[in-house]
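Open the model in your viewer and keep the sequence panel visible. The tour below goes from one selection to the next.

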Amino acid sequence: MLRYTVNSLLEWKDGTESTSIERLLWIDDEIAYTIDVNKNKVPYICRLEDIEDALAGGKAEIKDDDEFIVVLKEEDIPEKHKKIRDRAWEVIKDMVDKEPDIFQSAFRGKLIKRASETCGLSESWILEYLKRYWKRGKTCNALLPDYRNCGAKGKERKAGNVKRGRPRTNQSIIGEGVNVTEDIKRIFRIAVNKYYYTTAKNSLTLTYELMRKEYFSDGFKEENGVKIPIIKPQAEIPSFGQFRYWFEKERNVKKEITSRYSNKKYQKQYRPIIGSSLDGVFQPGTFEIDCQVGDVYLVSRFNRNWIIGRPAIYILIDKFSRMICGIYVGLESGSYIGAMMALLNATTNKVEFCKQYGIEIEEKDWPVHHLPETIIADRGELEGGNIDNLINTLNVKVQNTPPYRADLKSAVERFFGLTNERVKPFLPGVVDLDGRERGDKDYRIKAKLDLFQFTQIMIKCILYHNNHYHLDYYKRDEDMVEDNVSCIPIELWNWGIANRGGTLRTVPEDAAKLALMPSDTATVTAKGIRYKDMYYAAKSMLKNGMFADARTKGTRKIKISYDPRNMDYIYVYNDNPNEYEKCFLVDANSRYKDKAFEEIEYLLVVEKMQQEKSKDNVAQAKTQLIAEIEDIVQQAEEDYERETSTVESDRQRVKNIRGNRKAEKSVRRLEEAFDLGNDNQYFKANKEEKETEEMDTLQLLFQKQKEVMMDEESDDTEW
């Protein structure tokens, strides 16, 4: 095995820190020509035996890295440098092929002299071309000029007495200026930290002016009681250009964004992006969950004149396949209830779920009815004590992302963006993010969809996404490429389950529901189990007399679980959730039938608002009623005082109640008797006729009273 070849670098060691490096230019059986790459010398001859002994004795070694060879792409070389290279190559290209004679001084001298006469270059320049060619790896690019090394780019210049840099244009007027010393740099750092890296968001120009005012002034002057700094002239202070040069050189982007704005803005928009969202995800089973407020206004199913605002959309998406695994559409954003409903939806049969919304699908269209191993959420719905049942009962891990890091749930965030692109152009009542100008119609007035219909649209979008959307950005691994798996969520999901196994799990539907459904406290009353103005009952409760006991012994509290999507029934349990009883909505509450929890709560809130709004009208009407009653009573008292006789005693008045009642009844019967064909002359009679009729009625009443009294004297039986 060859340990070295032509162009190999040989590093010689002499027992001290100093070493020499030689490049092997030509080799035969006994000798070799080398050149010292660090010295300005021509090639010289040496014996291969000496090289072998040095390598065996550790006095020399072959260098693997070659920092002397020039490696540049042709498109990266400036045209000016190419011309210099090509001109030098034309001079030496015929000479370098004459190995090993070119390494001999006499032969090389003749060729250099001839080339000098032909090309018009000095012999020393031609020899310099040859040495550069040999030292730098015997390539054409070895002849490129070293302009890239000029200027000591990136190295700090030491300040001296002479002003560095380009002279000022108006030097005679504004002065020569000063060099930036270490003391001035310290002032720069203090000023930038004090005035620029702050929430005030001062510009760099203002920072320079504030620095000049505070650190480059000669005393103060007082005008109108105000101390004004006297700043130094431009000739004695660093210019704004020097300040800006230093700032750009030592600029700290992270510190700038976090101090002037916030750390969340840096993490979201300016942090370095390395890796991929699929890093560490090997199989289905890690779900991302998030909520977004839909960009559309909805109406109520109770009354389509009621605009109920924008819906909250909860989505569960598998990170590996981008498969939508669960959905919930409601009215509460950032709610534990919404998150649990989305997770419960992930465990339910999607064929039955879609059927509830009038959409017929097959199992293969949405084959997800599983719990994940891990849920990635933000610090909202799945934080705190609400997730104890999820962790302890169902053994699901919950990972909460740091604040303001929505990018850590990129899959679900991207789905929300795609959904807006797909449906917004076709929905009435969508939010106009461009705002409205004066005279424009309010986009909320255009709302037409209700929660049920909007959920139908979301289901259609999910079916399209899962079964037809091609993930252009998805990077398949080697196994997927080998199996030719399409970048479609359903294909990736099925392949992951078949080949990677997945970490999904299945639990009994009842267990999942009871663990995930929201729980609350209801009241046992005589009318049934009351919850949110709704009453529920079960046959067994009627048989065991639970509601009868509530009427006699008083109400009591009881634990329930419910499905906010359908409040037709609730689940009642005591201390053991496994022993539950299903209670149904009683017929008296039929207005709540087939309604979602949000719709019912909205109705109750609206009715309460209407009650509050009508309180003033009710109070005014009741006040009017009291006043009118009091007026009639006062009129009755006046009539009583005017018409009653003081001759009769109280005993006499009470004694004749039955007779008076009988007489009154007889007169009322005459007045109330049906008289068909009456031409309403009774109502059209004049005042005198009415008075005559009233007198006739009084006379008739007196006559009846006398008859009753005579009958009572002869017969004392009750009537």
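## Cysteines

Select Cys46 to begin: its relative accessible area is 18%, so this residue counts as buried. The model you are looking at is predicted. Next, select Cys461, which is also buried, with a relative accessible area of 8%. How many disulfides does the structure hold? There are 0.

## The whole protein

Now zoom out and show the protein as a cartoon. The secondary structure comprises 25 helices and 20 strands. The protein has 719 residues, and 38% of them count as buried. Switch to a surface view: the accessible surface comes to about 44700 Å², and carbon and sulfur atoms make up 49% of that area. Among contacts with a separation of 6 or more, 59% are between residues 24 or more positions apart.

## Strand S13 and its partners

Select residues 374-377, which form strand S13. Are the faces of this strand covered or open? Both are covered. Thr374 and Ile376 lie on one side, Ile375 and Ala377 lie on the other, and all four are buried. In a regular strand, side chains alternate between the two faces of the sheet.

Add residues 286-293, strand S8, to the selection. S8 and S13 run parallel and are joined by 3 bridges. Within this pair, look for Phe287, which stands opposite Ile375.

Then add residues 397-400, strand S14. S14 also runs parallel to S13, with 4 bridges between them. Ile375 is the residue to centre on here, as it stands opposite Val398 of S14.

## The nonpolar cores

Nonpolar side chains tend to be buried together in soluble globular proteins. Which residues have the most contacts inside the largest nonpolar core? Select Ile315, Trp366, Ile529 and Ile570 to see them; the core itself has 89 residues. Colour helix H11, residues 336-347, for the next view: with 9 residues, H11 provides the largest share of this core.

Stay with Ile529 and display its surroundings. Leaving aside residues up to four places away in sequence, Ile529 touches Ala522, Thr523, Val524, Met534, Tyr535, Tyr536, Met541, Phe547, Ile558, Ile570, Val572 and Cys583. One of these, Ile570, is also among the residues with the most contacts inside the core.

For the last stop, select Leu25, Val91, Ile92 and Ile126. These residues belong to a second, separate core, which has 20 residues.

Terms used: Residues are numbered from 1 along each chain as its sequence is written. This is a predicted model: local features need pLDDT of at least 70, side-chain atom pairs count only at pLDDT 80 or more; totals for chains, interfaces and linings use all residues. Side-chain values use heavy atoms; hydrogens and water are left out. A nonpolar core is a set of buried Ala, Val, Leu, Ile, Met, Phe, Trp, Tyr and Cys residues joined through side-chain atoms within 4.5 Å. Buried means under 20% relative accessible area, exposed over 50%, partly exposed in between (1.4 Å probe, protein chains only). Helices (H or I, at least four residues) and strands (E, at least two) are DSSP runs, numbered from the N terminus. Contact means heavy atoms within 4.5 Å. Accessible areas come from the Shrake-Rupley method with a 1.4 Å probe; for residues, only the protein chains shown count as cover. Two strands pair if DSSP finds at least two bridges between them. A disulfide is a pair of cysteine sulfur atoms within 2.5 Å.
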